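Here are my notes on this model, set out point by point. Please read them with the structure open.

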Amino acid sequence: MQSYLIYQRPMDNELKDIINENRNRPLATAYYDTVTMLDEDGPEDTVRRALMYSLYQPTMFMHYATTEKSLESTRLEEIFDEGNNYGSGIITTTHLMQHPVMAVGDLAINLLDDRVFVCMPNGWHQMVEASLDVNVY
């Protein structure tokens, strides 16, 4: 059994206004870079910049409840499907806030071993240097 915390970049009206009014500012660039994950600096730096601007928020807790062993890549694909509302039923999801469907740039943190994965245009990238503070209120 594996559990994952999903971090996304929810866009509220305030953030939308800030980005639209300042398209050439570092915060806007950091946001747009996470949408495509095609920045020349690579996913590590792209995510690091987005974290610096507090763009990521925890949005979902997903529990992969199967006793059969599976590859991490298989679990991540199941997580993506579940996050897009067409999961197979193998994952139980708790929604922590209103959020968009899973997309490029979203993070999946394996809570068992603290590995962080970022959703890429094609598959997932395991972050080498990543740390997220999990705060429980």
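1. A cut-off comes first: an angle between axes of 65 to 115 degrees counts as roughly perpendicular. The model is predicted. In it, helix H1 (residues 13-21) and H2 have axes that come within 8 Å and cross at roughly 110°. That angle falls inside the range, so H1 and H2 are roughly perpendicular to each other.

2. Which residues make the contact of H1 with H2? From H1 come Leu15, Ile18, Ile19 and Asn20. From H2 come Leu27, Ala28, Tyr31 and Tyr32. By class, the residues of this contact divide into 7 nonpolar, 1 polar and no charged.

3. Now the other neighbour of H2. Helix H2 (residues 26-36) and helix H3 (residues 43-52) have axes that come within 9 Å. The crossing angle is roughly 135°. Angles over 145 degrees would count as roughly antiparallel. The pair falls short of that, and H2 and H3 are therefore oblique to each other. H2 passes H3 in a left-handed crossing.

4. The H2 side of this second contact consists of Ala30, Asp33 and Thr34. They meet Thr46, Arg49 and Ala50 in H3. The residues here divide into 2 nonpolar, 2 polar and 2 charged. For the contact of H1 with H2, recall, the count of charged residues was none.

5. Which residues of H2 are buried? They are Ala28, Ala30, Tyr31, Asp33 and Thr34. These buried residues pack against H1 and H3. Ala28 and Tyr31 appear in the contact with H1. Ala30, Asp33 and Thr34 appear in the contact with H3. The spacing can be read with a general rule in mind. An α-helix has 3.6 residues a turn, so residues three or four places apart point the same way.

6. Asp33 deserves its own look. This residue lies in helix H2. Is Asp33 buried or exposed? Its relative accessible area is 14%, and the limit for buried is under 20%, so Asp33 is buried. Setting aside residues up to four places away in sequence, Asp33 touches Leu38, Asp39, Thr46 and Arg49. Thr46 and Arg49 belong to H3.

7. Aromatic pairs: how many does a search of the whole structure find? The search finds 1. Tyr31 and Tyr32 form it, in an edge-to-face arrangement. The ring centres are 5.9 Å apart, with 75° between the planes. The two partners can be compared with the cut-offs for burial. Tyr31 has a relative accessible area of 11% and is therefore buried. Tyr32, at 32% relative accessibility, counts as partly exposed, because that value lies between the 20% and 50% limits. Both tyrosines also take part in the contact with H1.

8. Check the backbone at three places. Most residues other than glycine have a negative phi. Met37, just after H2, takes a positive phi of about 55°. Asn85 has a phi near 65°, also positive. Asp114 has a positive phi near 65°.

9. Where do Asn85 and Asp114 sit? Asn85 is in the loop between helix H4 (72-83) and E3. At 65% relative accessibility, Asn85 counts as exposed. Asp114 is in the loop between E4 and strand E5 (115-120). Its relative accessible area is 57%, so Asp114 is exposed as well.

10. Leu96 is worth inspecting for its contacts. Its place is in the loop between strand E3 (91-95) and strand E4 (107-110). At 44% relative accessibility, Leu96 counts as partly exposed. Leu96 and Met60 are 36 residues apart along the chain, yet their C-alpha atoms are separated by 5.3 Å. Leaving out residues up to four places away in sequence, Leu96 touches Leu5, Pro58, Thr59, Met60 and Phe61.

11. Ser88 gives another distance to Met60. Ser88 lies in the loop between H4 and E3. With a relative accessible area of 55%, this serine is exposed. Ser88 and Met60 are 28 residues apart in sequence. In space they are 17 Å apart, C-alpha to C-alpha.

Notes:
Residues numbered from 1 in each chain as written. Predicted model: local features only at pLDDT ≥ 70, side-chain atom pairs only at ≥ 80, totals over all residues. Heavy atoms only, no water. Phe/Tyr/Trp six-rings, centres within 6.5 Å; stacked < 30°, edge-to-face > 60°. Buried < 20%, exposed > 50% of the residue type's maximum accessible area, 1.4 Å probe, protein only. Axes fitted to C-alpha atoms, helices over the stretch in contact; angles between N-to-C directions. Helix = DSSP H or I, 4+ residues; strand = E, 2+ residues; numbered from the N terminus. Parallel < 35°, antiparallel > 145°, perpendicular 65-115°, else oblique. Left-handed = near helix turned anticlockwise from the far one by under 90°. Contact = heavy atoms within 4.5 Å. Nonpolar A, V, L, I, M, F, W, Y, C, P; charged D, E, K, R; others polar.
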